[in-house]
Amino acid sequence: MWKIKLLLEGGLIHVLGDVRSGNPGWAQCNPSKILRIEFPFFGRDEFTGKDVPYKMVLAGMKEYNFFVEAVRGVSGRGKTKIKGLWFMGKLPNSDRIRGFVLKESIMSLDTIVGQEYHGISTVGWKTGSVGDKVVSTIIRGSL
Amino acid sequence: MSRPSVNILFNTSGNDVACTNPAGDTNFEKLDSGDFIVWRDGQQNGGDLLSGASYPAVIPDSGSIEAAKMFLMNNTSGEYDHIQLAGTTEGGFSGGDNRYVCAAWFSGETASAPYLEAYDDGTHETWESLPLGDGTPANSSFKAIATTNGDPGSDTWAGTPLAGEDSRIALDTGALSTSKYLYWNMKQILSSTMLTWDTAEWFNSNLVFAIHFTYA
């Protein structure tokens with residue numbers, strides 16, 4: 001839970017650090033080709049108020065990116081607070097990006113390359129693998 | 001690219017020079033626990049005790065004016081430290097075309113360009129209070145200009161109103177690839193429309209400025 005799982009070429013699986021920590025591990029990993037990204041997390045059910053397990057899945061993308069969006073107050077009481085988790089994939093044969101932003105709610109991303117983060121570009125993209133079925137989904141009740 | 005440390009520093013000297021130490025140097029003071037920033041009337045001076053007389057910025061009868069002086073309220077020394085180069089010449093003191101005034105030092109990489117923003121409070125979720133424009137970001141009373149890559153270009157620089165994610169400034173042109181100091185200058189604009197506000201809004205101490213950034 002809260003750790004990104006990378007499914008790589010050759011059947012290898014690589015699990016990164018807890019995204020809520022100061023070192024999620026995405027920047028440090030350097031896989032040859034990512035086939036699929038899975039991210040299990042808990043989300044609050046708006047009707048019952050209970051935590052429900054979800055799993056975000058991206059697959060079939062030509063490149064992937066992930067980062068933590070954070071804010072740090074400009075005052076003596078300022079601490080760094082996580083505002084969102086961004087998961088993105090570049091669609092094959094396209095200049096579009098699909099993915100999800102996990103904040104207080106789940107936001108679906110559909111934007112163009114170079115404007116993926118509030119209209120600006122991001123760094124840290126990692127190579128995917130084109131050819132498999134493109135997947136960009138969040139599954140409720142799945143770990 | 002683990003989460004970078006971010007230090008906030010203010011130049012309390014009259015020297016428009018870059019910061020040389022993330023912990024502060026002879027020109028820059030690092031914002032520490034219990035420190036705040038505040039704008040005051042020209043009668044307030046650096047070295048005045050926080051426990052002493054307070055001279056609030058004066059709201060004009062008509063039109064708008066720039067608050068005279070910006071201070072770091074130093075919780076350690078118990079004094080007001082004048083951020084002398086803040087604002088423009090319209091503040092009537094030592095503001096102007098000054099580059100190295102406010103700084104955010106990043107210890108390492110980011111995934112995108114960092115932003116300076118303003119929020120209603122420390123939850124960093126909303127920007128609808130009267131000082132931040134009452135839902136109209138262009139009316140925010142706080143304006144800032146990024147100076148990481150150059151000075152403002154004018155003694156009377158206009159700046160960008162600060163109101164959450166709707167109106168903010170990028171502190172650099174792109175993601176940071178290494179540790180770096182980012183700079184900005186800022187000012188508070190006082191308008192006669194503030195005369196209609198409740199006193200609590202004049203002295204709203206919940207407002208926060210924030211550095212918005214990303215890491216992986």
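**Exercise 1. Work out why B:S129 counts as partly exposed, and place the residue in chain B.**

Solution. Start with the count: B:S129 has 19 C-beta neighbours inside 10 Å, so it lands in the partly exposed class. The cut-offs are these: 20 or more other C-beta atoms within 10 Å make a residue buried, 12 or fewer make it exposed, and partly exposed is in between, with C-beta atoms placed from the backbone.

Before going on, a word on the model: it's predicted, local features need pLDDT of at least 70, side-chain atom pairs count only at pLDDT 80 or more, and totals for chains, interfaces and linings use all residues. Residues are numbered from 1 along each chain as its sequence is written, while chains are lettered from A and ligands numbered from 1 in the order in which they are written.

Next, the location: B:S129 sits in the loop between β8 (115–119) and β9 (142–146) of chain B. Strands here are DSSP runs of E with at least two residues, numbered from the N terminus.

Last, the surroundings. Neighbours within four places in sequence aside, B:S129 is in contact (C-beta atoms, placed from the backbone, within 7 Å) with B:D120, B:N204 and B:L207. With B:L207, the C-alpha atoms are 8.6 Å apart, although 78 residues separate the two in sequence.

**Exercise 2. Describe the sheet β3-β5-β6 of chain B.**

Solution. First, the order: the three strands make an open, antiparallel sheet, β3-β5-β6. Pairing takes at least two DSSP bridges between two strands.

Then the edges: β3 (36–40) and β6 (79–82) of chain B each have a single partner strand, so one side of each is left without a neighbour in the sheet.

On average, neighbouring strands of this sheet are turned by 40 degrees against each other, direction ignored.

Now zoom in on one pair. β3(B) and β5 (residues 69–74) of chain B run antiparallel and are joined by five bridges; B:F36 has B:M73 in β5(B) as its bridge partner.

**Exercise 3. Find out how chain A meets chain B.**

Solution. Begin with the totals: 27 residues of chain A are in contact with 29 residues of chain B. On the chain A side, β5 (63–73) and β6 (80–90) are the elements that give two or more residues, and β5(A) gives the most, with eight residues.

Then look across the interface. β5(A) runs antiparallel to β13 (residues 208–215) of chain B, and six bridges join the two. There, A:A70 stands opposite B:F213.

Finally, check confidence: the predictor gives the complex an ipTM of 0.90 and a pTM of 0.92.

Key. Contact = placed C-beta atoms within 7 Å. Helix = DSSP H or I, 4+ residues; strand = E, 2+ residues; numbered from the N terminus. Axes fitted to C-alpha atoms, helices over the stretch in contact; angles between N-to-C directions.
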